Amino acid sequence: MKAVRFYAPQDIRFEEVDIPKIGREEILVKVETALTCGTDVKMYRRGHPMIKPPHIFGHEFAGLVAEVGENVNQFSEGQRVVAANSAPCNSCYFCKVGKPNLCEHLQETLIGFSVDGAYAEYVRVPASIVEQNTYDVPDQVPFEEAALLEPLACVANGNDVADIKLGDTVVVIGAGPIGLMHVQLAKIKGATKVICTDLAQQRLEVATELGATAVIDASKEDQLKSVRGLTDGMGADVVIEAVGLPQTWELAVEMTRKAGTTVLFGGCPSGTKITLDTRSIHYGDLTIKGIFHHTPLSVKRAYEMITSGTFRGRPLITGKMPLSELERALKLMTEGKCIKMAIVPDAR
Ligand SMILES: [Zn+2]
Ligand SMILES: [Zn+2]
């Protein structure tokens with residue numbers, strides 16, 4: 001089959017590889033769409049500690065069941081399916097205390113990282129994922145929208161800890177795919193004002209299309225001042241950081257009103273630190289939360305939102321490109337010229 005393999009930072013190759021072999025509890029999926037993601041861009045540019053090259057990356061996908069392990073009963077050949085990139089073990093410490101998103105064994109079967117990924121014609125889905133985080137895709141849901149399952153599950157998990165209330169004012173810093181998902185979920189949760197900030201005008205337009213009530217172009221305005229201006233000087237009830245930079249983490253805390261909640265969602269480069277004002281945290285009764293990855297529950301919620309049409313995925317997908325042009329798609333992502341690209345195997 002054809003696949004794109006990562007060899008080294010900025011060295012990825014479109015080449016012929018063997019079709020993965022599956023185990024008895026696994027399925028093989030013929031990829032119909034794989035979506036580009038910010039993590040893939042980071043991996044392409046800098047590599048990833050979990051990856052042993054050459055490695056097929058790509059972790060957001062949907063397709064058709066091509067082969068079914070003999071012990072798998074819930075799926076059959078030809079079925080349209082989508083799967084998340086991981087599933088918890090359900091027996092480690094974190095799984096037992098109700099934090100399956102922090103499962104100690106997550107990395108052992110992580111599609112696109114420790115296991116070959118979806119930038120290929122076929123992808124093997126490990127047993128724990130088949131069992132817990134694979135769903136059938138109704139005919140009316142396009143593959144590229146179904147493939148949003150994994151990132152949306154992460155965002156649903158983050159939305160849970162944000163604890164947005166009816167009538168709240170929410171700020172989302174960053175209008176990349178993750179920020180744009182947060183904008184939509186904040187609206188669904190009943191926030192009446194949703195303010196989105198970004199450096200790219202094009203992305204802010206999509207934020208407006210998806211329900212943001214105000215947008216701030218951070219390349220032209222002081223976003224902290226603008227947020228205060230839009231909130232009677234108080235700051236927002238909930239601020240969600242969806243960029244992953246120490247400076248925007250700090251800004252997120254500063255934008256939060258007294259007794260409000262800051263959700264630090266974006267992953268910063270490792271080794272970075274932030275500085276916070278102890279006084280405003282103490283006297284301001286601030287709640288500051290970190291959140292990582294998804295749980296089987298948030299995957300299920302994401303699935304329900306996608307298949308019911310509650311969540312609009314279409315505006316997040318800028319276009320379609322063949323697998324052989326993945327590198328060009330990742331470069332477009334880097335340049336901020338695309339939100340997500342749907343990657344389809346060549347000649348289909
Ligand atoms: Zn992703
Ligand atoms: Zn576990």
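Start by selecting Leu 180. Setting aside neighbours within four places in sequence, Leu 180 is in contact (heavy atoms within 4.5 Å) with Gly 174, Ala 175, Arg 203, Val 206, Ala 207, Leu 210, Leu 316 and Ile 339. Before you go on, note that this is a predicted model, where local features need pLDDT of at least 70 and side-chain atom pairs count only at pLDDT 80 or more, while totals for chains, interfaces and linings use all residues. Residues are numbered from 1 along each chain as its sequence is written, chains are lettered from A and ligands numbered from 1 in the order in which they are written, and side-chain values use heavy atoms, with hydrogens and water left out.

**Stop 1: the core around Leu 180**

Now add Leu 148, Leu 149, Leu 152, Val 170, Phe 311 and Leu 316 to your selection. Together with Leu 180, these residues touch the most other members of the largest nonpolar core, which has 51 residues. A nonpolar core is a set of buried Ala, Val, Leu, Ile, Met, Phe, Trp, Tyr and Cys residues joined through side-chain atoms within 4.5 Å. Buried means under 20% relative accessible area, exposed over 50%, and partly exposed in between (1.4 Å probe, protein chains only).

Which element gives the most to this core? Colour helix H5: H5 supplies eight residues. Helices (H or I, at least four residues) and strands (E, at least two) are DSSP runs, numbered from the N terminus.

Apart from this core lies another, of 37 residues; pick out Val 29, Ala 34, Met 43 and Val 125, which are among them.

**Stop 2: two salt bridges**

Next, show Lys 2 and Glu 16 as sticks. They form a salt bridge (a side-chain nitrogen of Lys or Arg within 4 Å of a carboxyl oxygen of Asp or Glu), with the closest N and O atoms 2.7 Å apart. Lys 2 lies in strand S1 and Glu 16 in strand S2, so the pair ties together parts that are 14 residues apart in sequence. Lys 2 is partly exposed, at 33%, whereas Glu 16 is exposed, at 53%.

Then move to Arg 257 and Asp 237, whose side chains meet in a salt bridge of 2.5 Å, N to O. Arg 257 sits in strand S13 and Asp 237 in strand S12, 20 residues apart. Is Asp 237 buried or exposed? Asp 237 counts as buried, with 14% relative accessibility, and Arg 257 is partly exposed, with 21%.

**Stop 3: zoom out**

Finally, show the whole protein as a cartoon. You will find twelve helices and 16 strands, and the C-alpha trace spans about 60 × 40 × 40 Å along its principal axes. Of the 348 residues, 55% count as buried.
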